[in-house]
Amino acid sequence: MIKKLLYPVFAVFMVGLMLLTACAPKPVTSAPVKITIFVGFGAGSDPDSMAALNTIADEYNASHTDIQVEFMFSTWEEHTSKFSTLLAGDLAPDLAFPIGIQGIAEFYDEWIDASPYIQRDNYDTSDFYGPSLQLLNFNDKTIGLPLGVYPSVTFINEDLFDAANVPYPPQQYGDSTWTLQKMTEIGQQMTLDQNGNNATSSNFDPAKITQWGWGGWCGPFRTVPGKFGGNPLGMSADYKHADMNTGGYLEGMQFLYDSIFTTHIRPSSIDEGSTFTGMDFTFESGKVAMFECFSWASYAFPNFTTAGNWNVAAVPAGPHGDVISPVNADTFAIPAHSKHPDQAWQVATWLMQPEMQSRLCGIFGCIPSRKSLANEWINKMNGEYPNVDFQAFIDSINYMDSSPNNESWVPNYSKVWDATENAMSRILSGDSNNVQQVMNDLQAEVQGYLDEYWAAHP
Amino acid sequence: MNKVAKPMSLRRRESLWGYIFISPWIIGFILFTVGPMIASLVFSFADYNIVSAPTNFGFSNYIKLFTNDPDFWHSLGITAKYAVIAIPLNLVFGFALAFLLNQKVPGLAFWRTVFYIPSVLAGVAVAILWGLIFNPKFGILNWFLGLFGINGPGWLSSPNWAVPALILMSLWSVGGGMIIYLSGLQSIPTTLYEAAQLDGANGWEQFFRITVPLMSPVIFYNLIVGIIGTFQYFTEVYVLTSGLTGGVGGPAKSTLFYNVYLYSNAFRYMKMGYASALAWVLFIIVLLLTLLVFRSSATWVYYEGELQNK
């Protein structure tokens, strides 16, 4: 009898012992907090950048015992699904870095307000460019600190200007003659057909263009309306009423249409898909005299150099006198689902130190948002491209579209974005030559998205 | 008094082992197929953005889908237009190719391999390859048309030619159907052809009176598979056109296929609930089309067993 009971009793005793051990209070340890930094909302996911960031992580970890950092990488194409999956799986990273205004808008409700931390630490923001700080101040919160900015400038192919005997556009702002109208006139002089006739000639054949005077604006359509006195967001201040078939939106789209099919200074999207295959920018071909783009095009500067002697000029004024240099910007954001927001802030401010900011902008290709780093950036860029006037980039910061920005949040963000880009594609491809109708269609579509959003968020 | 356990019968023991051996598949099927299907059905009746729990349960997704979403009808229209042209083309080409490769020609094994290989290549790689072929200026297709004095269109860059380009591209993988047709052709008894020859039937009559009817089950199978595959068309169109001007859906939404629209709603607009509703509507559509074809098969599909029993 006793023998029969011995084994069951022993088994119960062992199970009970294991349960007690598992449920016993754990001793306090001083294990470092692990901060995961999600990279994918902007630059940083190419192999070279990943290696550089991992080196930075190693340096941080070697010098800190309370916090250890780890970078988590995603391609830009997958960042939305990957980040949202992490949130859904309760595996939220502690920092999204670098992240631009568009990334902030995509997950706007997810980011915490950084202003309590800024005030608590009395963080000195005086060295940041004022417009770059404005970019991150939203209605109800401040998200992050400005890491870097990417203002737009006009890139010019000096060889084509020399061949046409046309003076270069001004590199400094303040020249009232440098307007979109002037740019169009210059563009027509440098748009040539296969017989060498420019677009002002009666013998010009628009079906056989071999060189274009202007490559367009490299950004989304929302970078355009501000140049025509409009609101980049194309809606009322309360985000309830679309305003996309009048004013800056209509004028901007009409200008785009005319540049392709009337003045012929810009290639159509079909031309872009054929003549410029394999290139990120038509300017790389050496067959485009001018084009406006952000400074993040710097990764293509070697290709620009291969195409010919190039430089930069100021952004021209619109027909109503507006000088707008569309800007993209990088910052960091702390997800609301982060389990260690305090430590995340600590890591973020370490990354935002001037010397780190300079180093990170070297990795991402941004212009540091600190005024004190401007000369260092100019000297560094001139070391690689000695003949280019990089001061024009710094000057463009004063003309940024900071509030609202072309990437700022709107309701049903991605749907409105896609609708606007689709409208532009109808014009660029020649699918429609009725600009007013295209904008009326866009207006109706976007109003529907706004109504849908506010019906779900009364 | 202790009861003696009844030994398991041999049949039950064999059944038990059978279930044990297939249990990994069953568990995987439940966890990774049935489970997500049930979850998506539940999500289709809610607002669900992946990040937060589903809310607002009801029929609003389905009501909106049918009454207030022009892009739903647009994407369905594009997919249907593609299907109506691509499916018959693939059926005819595959059958014609199989018929030709069922003849005694030199290098038969080589030709069969050459025509079959494209159907086993990865979708993304094939899409990139065709992107180069369709290049309006430097692509081989427009170069070939240029030899005949034809100025080729913009293909994927053009809203009017993007879908025809994708239809043309679909013929690349006709080798998969060809192999099945070939197998069917080789199973047709030669005695039927001999008897028909004796009766004075010419080549065309033999083809339409013997080959086609006896191949009807294979055609039926390829038609069903074609309908299912075409309405799920995604990889190639997404790879080829989502990076073009206009974003997802290509230039002027000309390539906004149904699954591309579904994908956009799920992973770009964060409307997983609405995307789930789109998925179930697609399931119903494909199911109805398949049932329709099944019902019609009684009039045009002939099984050899039926003929012999008559």
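# A walk from Phe155(A) outwards

Start by selecting Phe155(A): leaving aside residues up to four places away in sequence, Phe155(A) touches Phe283(A), Met290(A), Phe291(A), Cys293(A), Phe304(A), Trp310(A) and Val312(A). Keep in mind as you go that this is a predicted model.

Now widen the selection to the nonpolar core around Phe155(A). This is the largest nonpolar core, with 141 residues, and Phe155(A) and Leu95(A) are the ones with the most contacts inside it. Which helix gives the largest share of this core? Turn to chain B and pick helix α3, residues 70–100, which supplies 7 residues. Another core lies apart from that one; it has 28 residues, including Phe221(A), Ala242(A), Leu250(A) and Met424(A).

**Stop two: the whole of chain A**

Zoom out and show chain A as a cartoon. You should be able to trace 17 helices and 10 strands. Along the principal axes, the C-alpha atoms fill a box of roughly 115 × 50 × 45 Å. Of the 458 residues in chain A, 47% are buried. If you like contact maps, take the contacts in chain A between residues at least 6 apart in sequence: 74% of them join residues at least 24 apart.

**Stop three: two domains**

Colour chain A by domain next. Domain 1 covers 33–150 + 328–399, and domain 2 covers 152–327 + 408–456. Their C-alpha centres lie 29 Å apart. Where the two meet, 19 residues of domain 1 of chain A are in contact with 24 residues of domain 2 of chain A.

Select the domain 1 side of that contact. The elements giving two or more residues to it are α4 (101–106), β4 (148–157), β9 (327–333) and α15 (391–396) of chain A. The largest share, 4 residues, comes from α15(A). By type, this side of domain 1 of chain A divides into 12 nonpolar, 4 polar and 3 charged residues.

**Stop four: strand β9(A)**

Stay with β9(A) and show its side chains. 7 of the 7 residues of β9(A) are buried, so the strand is largely enclosed by the rest of the structure. What sits on each face of β9(A)? On one side you find Val327(A), Ala329(A), Thr331(A) and Ala333(A), and on the other Asn328(A), Asp330(A) and Phe332(A), all of them buried. That is how a regular strand goes: side chains alternate between the two faces of the sheet.

Bring in the strands that pair with β9(A). Strand β3 of chain A, residues 95–99, pairs with β9(A) in the antiparallel sense over 2 bridges, and Ile99(A) has Thr331(A) as its bridge partner in β9(A). β4(A) also pairs with β9(A) in the antiparallel sense, over 4 bridges. To find the register there, look for Gly148(A), which stands opposite Asp330(A).

**Stop five: backbone oddities**

While β3 of chain A is on screen, centre on Pro98(A), which is placed in that strand. The peptide bond joining Phe97(A) and Pro98(A) is cis, with omega about -5°. Then jump to the loop between α15 and α16 (413–428) of chain A, where Pro404(A) lies. The bond from Ser403(A) to Pro404(A) is cis too, with omega near 0°.

Next, go to the loop between α7 (158–164) and α8 (180–189) of chain A and pick Asn165(A). Although not a glycine, Asn165(A) has a positive phi of about 55°. Is Asn165(A) buried or exposed? Asn165(A) is exposed, because 7 other C-beta atoms lie within 10 Å.

Over in chain B, find Trp155(B) in the loop between α6 (140–146) and α7 (162–170). Trp155(B) has a positive phi of about 50°, again without being a glycine. Trp155(B), however, is buried, with 27 other C-beta atoms within 10 Å.

**Last stop: chain B and its contact with chain A**

Show both chains and select the contact, which takes 25 residues from chain B and 22 residues from chain A. The chain B side divides into 13 nonpolar, 8 polar and 4 charged residues. For the complex, the predictor gives an ipTM of 0.77 and a pTM of 0.84.

Finally, colour chain B by pLDDT. Chain B averages 89, and 94% of the residues score at least 70. Where is confidence in chain B lowest, and where highest? The low point is helix α14 of chain B (residues 304–309), at a mean of 58, and the high point is helix α13 of chain B (residues 272–300), at 95. Where pLDDT is low, the predicted coordinates should not be read in detail.

Notes: Residues are numbered from 1 along each chain as its sequence is written. Chains are lettered from A and ligands numbered from 1 in the order in which they are written. This is a predicted model: local features need pLDDT of at least 70, side-chain atom pairs count only at pLDDT 80 or more; totals for chains, interfaces and linings use all residues. A nonpolar core is a set of buried Ala, Val, Leu, Ile, Met, Phe, Trp, Tyr and Cys residues joined through C-beta atoms within 7 Å. A residue is buried if 20 or more other C-beta atoms lie within 10 Å of its own, exposed if 12 or fewer, and partly exposed in between; C-beta atoms are placed from the backbone. Two residues are in contact if their C-beta atoms, placed from the backbone, lie within 7 Å. Ala, Val, Leu, Ile, Met, Phe, Trp, Tyr, Cys and Pro count as nonpolar, Asp, Glu, Lys and Arg as charged, and the others, Gly among them, as polar. Domain bounds come from an automatic or database domain assignment. pLDDT is the predictor's confidence in each residue, from 0 to 100. Two strands pair if DSSP finds at least two bridges between them.
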